[in-house]
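Here are my notes after going through your model, in the order I'd bring them up over coffee. Have the structure open as you read.

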Amino acid sequence: MTTSNTPPQEPLSPDELIAAVNSADDSKVAELEARLAEMSDAYLRAKAEVENIRRRADEDVSKARKFAVESFAESMLPVMDSMEAAIALPDAKVETVLEGVHATKRQLAAALERNKVIELNPAAGTKFDPHQHQAISVVPAEQEPNTVVMVLQKGYSIADRTLRPALVTVTAPK
């Protein structure tokens, strides 16, 4: 058994005991209130940040929709300029106009290519694909059934989505 050199404490009176408990409760309540205020502030800040992020995302989506065709439109402007230049020369020779039309077609093809618009022009004998081709007629032929015989109109796709299917004639089943 060990002995302590501290004098024994006198027992607290009931009033002193109640005051001690109340002061402990008050400090605990004050600590909890401070923590609640801190957490409420953190919650409000996080909520405001989420609202700001949502608002910025909505603005970004709106701008993306509004200016989605900007790049494509920019690449079409030289084509428009070429057509206007051709119209401005009504007395031009047919050969000159035809040369200009070919140059304008090359500009248009380059603009489409830059914007990932791909031509769908299946070769004869290509297997018919209903996702990229539209059969206009079926003809008897020596080729394998359901293959392209002739392209009546080219199709176009963008980013693996068919904009316009190629109009084709296909071989009849045997």
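1. Let's begin with E119, which is partly exposed, its relative accessibility coming out at 39%. Keep in mind throughout that we're looking at a predicted model. The partner to look for is K154: the two form a salt bridge, with 3.3 Å between the closest N and O atoms. E119 sits in strand β1 (residues 117–120), while K154 belongs to the loop between β3 and β4 (155–158), so this pair ties together parts that are 35 residues apart in sequence. K154 is partly exposed as well, at 29% relative accessibility.

2. How many salt bridges are there by this rule? The count comes to 5, and I'll go through two more of them below.

3. Next, go to helix α1, residues 14–66, where you'll find both R45 and D41. These two make a salt bridge, and their closest N and O atoms are 3.0 Å apart. They lie 4 residues apart, which is about one turn of the helix. R45 is exposed, with a relative accessible area of 58%, whereas D41 is partly exposed at 38%.

4. Helix α1 also holds E51 and R54, 3 residues apart and so separated by about one helical turn. Their side chains meet in a salt bridge, 2.8 Å from N to O. Both ends have some access to the surface: E51 is partly exposed at 41% relative accessibility, and R54 is partly exposed with a relative accessible area of 44%.

5. Back to β1, this time for its sheet. Three strands make an open sheet here, in the order β1-β4-β5, and the pairing is antiparallel. β1 and β5 (161–164) are the edge strands, each pairing on one side only. From one strand to the next, the twist averages 35°. Between β1 and β4 there are 4 bridges in the antiparallel sense. If you want a register marker, V117 stands opposite I158 in β4.

6. Now the other sheet I'd like you to check. It is open too, built from 3 strands in the order β2-β6-β3, but here the pairing is mixed. Which strands stand at the edges? They are β2 (133–139) and β3 (148–153); each has a single partner strand, so one side of each is left without a neighbour in the sheet. Neighbouring strands in this sheet are turned by 30° against each other on average, ignoring direction.

7. Staying with that sheet, look at how β3 meets β6 (residues 166–171). The two strands run antiparallel and are joined by 4 bridges. One handy landmark is M150, whose bridge partner in β6 is T169.

8. What makes up the largest nonpolar core? It has 5 residues, namely L120, V148, A166, V168 and V170. The largest share, 3 residues, comes from β6. Every member of this core is buried, because burial, meaning under 20% relative accessible area, is part of how such a core is picked out.

9. Last, zoom in on A166, one of the core residues. Leaving out residues up to four places away in sequence, A166 touches L120, P122, Q132, H133, Q134, Q153, K154 and G155. Two of those names should ring a bell: L120 is listed in the core too, and K154 is the salt-bridge partner of E119 from my opening point.

Methods:
Residues numbered from 1 in each chain as written. Predicted model: local features only at pLDDT ≥ 70, side-chain atom pairs only at ≥ 80, totals over all residues. Heavy atoms only, no water. Pairing = 2+ DSSP bridges. Axes fitted to C-alpha atoms, helices over the stretch in contact; angles between N-to-C directions. Salt bridge = Lys/Arg side-chain N within 4 Å of Asp/Glu carboxyl O. Buried < 20%, exposed > 50% of the residue type's maximum accessible area, 1.4 Å probe, protein only. Core = buried A, V, L, I, M, F, W, Y, C linked by side-chain atoms within 4.5 Å. Contact = heavy atoms within 4.5 Å.
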